[in-house]
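Student: I have a protein model open and would like to work through some of its salt bridges and a helix. Can we go step by step?

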Amino acid sequence: MTILDPPAVDAESLGVFDSITDAIGNTPLVRLNRVTGSISATVYAKLEFLNPGGSVKDRAALAMIHAAEESGELLPGGTVVEGTSGNTGVGLTLVAAARGYRSVVVVPDKTSVEKIALLRAHGAQVHVTPGGRPSHHPEFVRNVATRLAAEIPGGWLAGQYDNPANPDAHRTTTGPEIWRQTQGRVTHFVAGVGTGGTITGTGEFLTKISGGAVQIIGADPETSVYGGGDGRAWYIESVGHFLHPQTAHDEWPDSYHPDVVDRLERIPDIEALTVLHRLAREEGLLVGGSAGTAVAAALRVARTLGPDDVVVVIVPDSGRAYLSKYFDNEWLGRLGFPLYHAATGPVVGDALGGRGSAPRAVPSTATVAEARDVLADTPVLPVALARPVTGPVVVAEILGSVGAAALSDAPDDDPVGVHVDQPLPVVGVTEELTVAVRRIRGHRGPVVVSENGRAVALVDADVVRTSSVTWSAAIRHP
């Protein structure tokens, strides 16, 4: 028997590549079938977490490094430096490792432990800096990255926020892929807005090739300034634009072209988390938080459409990078978000039954005299970023606590920040009571009660402990 030589076939079409960087892109579209319910439009999720580095940011990382090599900004033996919430850093370190560069990544302290571990696994030197800093502060993420890039011999700052290679990566790859995969039938494109590169580049391509027929929709956290929010903190990583109240001049990324976007859907954390959990349980898609925001926006849009419409939504990364957060009952419960797994016993909200004082906080810009007036007869209060009063304080913006005793001998005109102590413990209304009691063991005085990430009450720790005893007794002797 004669063994015939196989016919000549392009290796890349068989999924055979010369480098890991060649495997970036060409991610699949997967139709959503159950979370869509009675929606008649077709909704496809573009699974960007199937890129080698696990996120959509691989595309921008490869494009930015390639452009820097072409321009001579990044030379052999150089060091790639970036400030990022994690995913761009992972993409950059992956490409850097494959091409023989060192990498240094600066991340905010709210970045998940999984992302930091991924960065270090690729050999990156990781610098963690406080996330709640105004843009002019030397500890602001991008400022730290800029300083390090200047100090390191051969350092090159990727600068995803203002690097034109970021949106160009999506103009030349993501957009054409979606058009080809849908055979030109796509009518609506949805993506979260972070640096703006994905929605800008993809949106510009789809708008041009369709003659303006494709609608471009941005998904944005409810309080992000992109969609008109006040910029206060939220809990979904890698999407939106936070505005520190002390920022003198708010600068938006050059990578984001707002004129490309036809409209923005503002998605609260709880809606994003609900969709996130449904995707895992009903579609088999374990995806990250920004995917919850984007898919929630896509579903809102799709509910208004008919059977001939095709919605494509970007799913930026995998939920495996957030198992310690969005899929962890202790993290969700402490902040008062709906639990991923049902509670096995009474929760804090049931036990407290509305007890506790109305939520108040001392603004971080207050003087000692002003803080005393806010404290009044309360022994300790949270100190939070100073913003106009529009509702409960976001727990993520609580910087510490201050007590009347600590201020008793302080000069009236002292800034209260000089006297700030550790933040008060936080218990969430959805948190299992036994878990909350175990976590505040040994604490005396007030604790913050959180619901959906916002401080809704202050209650004495002994009240929580007493409630636990009462509930335990009721369970044993119904």
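Student: Is Arg263 buried, partly exposed or exposed?
Tutor: This is a predicted model, and the relative accessibility of Arg263 comes to 32%. Buried needs a value under 20% and exposed a value over 50%. Because 32% lies in between, Arg263 counts as partly exposed.

Student: Which residue forms a salt bridge with Arg263, and is that partner buried or exposed?
Tutor: The closest N and O atoms of the pair are 3.3 Å apart, and the partner is Glu265. The relative accessible area of Glu265 is 14%. The cut-off for buried is under 20%, so Glu265 is buried.

Student: Where in the chain do Glu177 and Lys46 lie, and how many residues apart are they?
Tutor: Glu177 and Lys46 form a salt bridge with closest N and O atoms 3.0 Å apart. Glu177 is in helix 5 and Lys46 is in strand 2. The pair links distant parts of the chain, with a separation of 131 residues.

Student: Is Lys46 buried or exposed?
Tutor: The relative accessibility of Lys46 is 0%. Buried means under 20%, so Lys46 counts as buried.

Student: What should helix 6 span, and what is the distance between its end C-alpha atoms?
Tutor: Helix 6 covers residues 197–209, which is 13 residues. At 1.5 Å a residue, counting one less than the number of residues, the expected span is 18 Å. This agrees with the distance between the end C-alpha atoms, 18 Å.

Student: Which residue just after helix 6 takes a positive phi?
Tutor: The phi in question is about 65°. The residue that takes it is Gly211.

Definitions and conventions: Residues numbered from 1 in each chain as written. Predicted model: local features only at pLDDT ≥ 70, side-chain atom pairs only at ≥ 80, totals over all residues. Heavy atoms only, no water. Helix = DSSP H or I, 4+ residues; strand = E, 2+ residues; numbered from the N terminus. Salt bridge = Lys/Arg side-chain N within 4 Å of Asp/Glu carboxyl O. Buried < 20%, exposed > 50% of the residue type's maximum accessible area, 1.4 Å probe, protein only.
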